[in-house]
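This briefing covers three topics: a surface patch, the nonpolar core and the salt bridges.

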Amino acid sequence: MSNISLELVGGLATTLSSIWTNLRIEAATAAAEEPLLASLLNATILNHTSFDDALSYLLAQKLGGADMNSLQMREVCAQAFVADPSIVRSAVADVRVIKMRDPACRTYVQPFLYYKGFMALQAYRVAHHLWKSGREMMALHLQSRVAELIQVDIHPAARLGEGIFMDHATGIVIGETAVVGDNVSMLHNVTLGGTGKEGGDRHPKIGAGVLIGAGAKILGNIKVGSGARIASGSVVLHDVADGCTVAGVPARPVGGPCCENPADSMDQVFDVATFDPGL
């Protein structure tokens, strides 16, 4: 397996090296504290020489099955990592922001091994590479496996940035022509969908640093501006301005100015006194 970290420079290489070192230390500590998990921790982390090597093994073990075994799946992932090093760069950014944003996350091992949102994102990144490379059937196979196993459905043609946090993740659906910017946070049961059976460019465009609450539905070829905040349970049918908070069915601006960096702060509280559902 190739060590992608050698292809990264400057701060990216430093971040990857630091996270990989921490992953190994945390895994070794956990193996000593919980011997029944030592075999798992050795197989998934400690037996590998690089982050990308461990990630390809993990994806293969999770996604391999009767129709395509884990060895074949691992080869697909490893080839994608070599062809497109940005996949690993994005994975490092994803695991880093999860630890920063989730108060329940105490180690890097937690999201790496157990967070379905992290797993779904990395499988999507491989599938997206395959889609761009003309291997659409293989890309769709990965999409189907992830939807079947962990109930997250991301079309491989969608374009997602890095530093993305899918909290809990169950029920997230992202359509074919959707675009999600860097440093976005979204919770479970979010839909970035269309509004009917029309073709073409029909899914939302989400700006950088957006926070999307649980159960929110953003529908159609609309734009959600950078730093915006979508309240839980909202149905968004129209463009949302940069830094705006919207809530309701259909969603309307509420609560005055948005909090600073909502995707990082994960602040989902707004001034309900300013929300008039009759508007």
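Leu37, Leu40 and Tyr114 together make a nonpolar patch of about 270 Å² on the surface. The model is a predicted one. Beneath the surface, the largest nonpolar core has 84 residues, and a search of the whole structure finds seven salt bridges.

**Surface patch**

- The patch has three members, Leu37, Leu40 and Tyr114.
- Tyr114 belongs to helix H6, which covers residues 109–114.

**Nonpolar core**

- In soluble globular proteins, nonpolar side chains tend to be buried together.
- Within the 84-residue core, the residues that touch the most other members are Phe51, Phe112, Leu160, Met166, Ile174 and Ile212.
- Helix H7 (residues 116–132) is the largest contributor to this core, giving 10 residues.
- Leaving aside residues up to four places away in sequence, Ile212 touches Ser185, Met186, Leu187, Val190, Leu192, Ile206, Ile218 and Ile230.

**Salt bridge Asp94–Arg125**

- Side chains of opposite charge can pair when their charged atoms come close.
- Asp94 and Arg125 form a salt bridge in which the closest N and O atoms are 2.9 Å apart.
- This pair links distant parts of the chain, since Asp94 sits in helix H5 (residues 86–101) and Arg125 in helix H7, 31 residues apart.
- Asp94 has a relative accessible area of 0% and is therefore buried.
- Arg125 also counts as buried, because its relative accessibility is 6% and the cut-off for buried is under 20%.

**Salt bridge Glu148–Arg145**

- The closest N and O atoms of the salt bridge between Glu148 and Arg145 are 3.4 Å apart.
- Both residues lie in helix H8 (residues 136–150); because they are three residues apart there, about one helical turn separates them.
- Glu148 counts as exposed, at 52% relative accessibility, whereas Arg145 counts as buried, at 14%.
- The two labels follow from the cut-offs, because exposed means over 50% and buried means under 20%.

**Salt bridge Lys205–Asp201**

- Lys205 forms a salt bridge with Asp201, with 2.7 Å between the closest N and O atoms.
- Asp201 counts as partly exposed, because its relative accessibility is 45%, a value between the cut-offs for buried and exposed.

Key: Residues are numbered from 1 along each chain as its sequence is written. This is a predicted model: local features need pLDDT of at least 70, side-chain atom pairs count only at pLDDT 80 or more; totals for chains, interfaces and linings use all residues. Side-chain values use heavy atoms; hydrogens and water are left out. Patches are made of residues with over 30% relative accessible area and no salt bridge: like charges are joined within 9 Å, nonpolar side chains (Val, Leu, Ile, Met, Phe, Trp, Tyr) within 5 Å. Accessible areas come from the Shrake-Rupley method with a 1.4 Å probe; for residues, only the protein chains shown count as cover. A salt bridge is a side-chain nitrogen of Lys or Arg within 4 Å of a carboxyl oxygen of Asp or Glu. Helices (H or I, at least four residues) and strands (E, at least two) are DSSP runs, numbered from the N terminus. A nonpolar core is a set of buried Ala, Val, Leu, Ile, Met, Phe, Trp, Tyr and Cys residues joined through side-chain atoms within 4.5 Å. Buried means under 20% relative accessible area, exposed over 50%, partly exposed in between (1.4 Å probe, protein chains only). Contact means heavy atoms within 4.5 Å.
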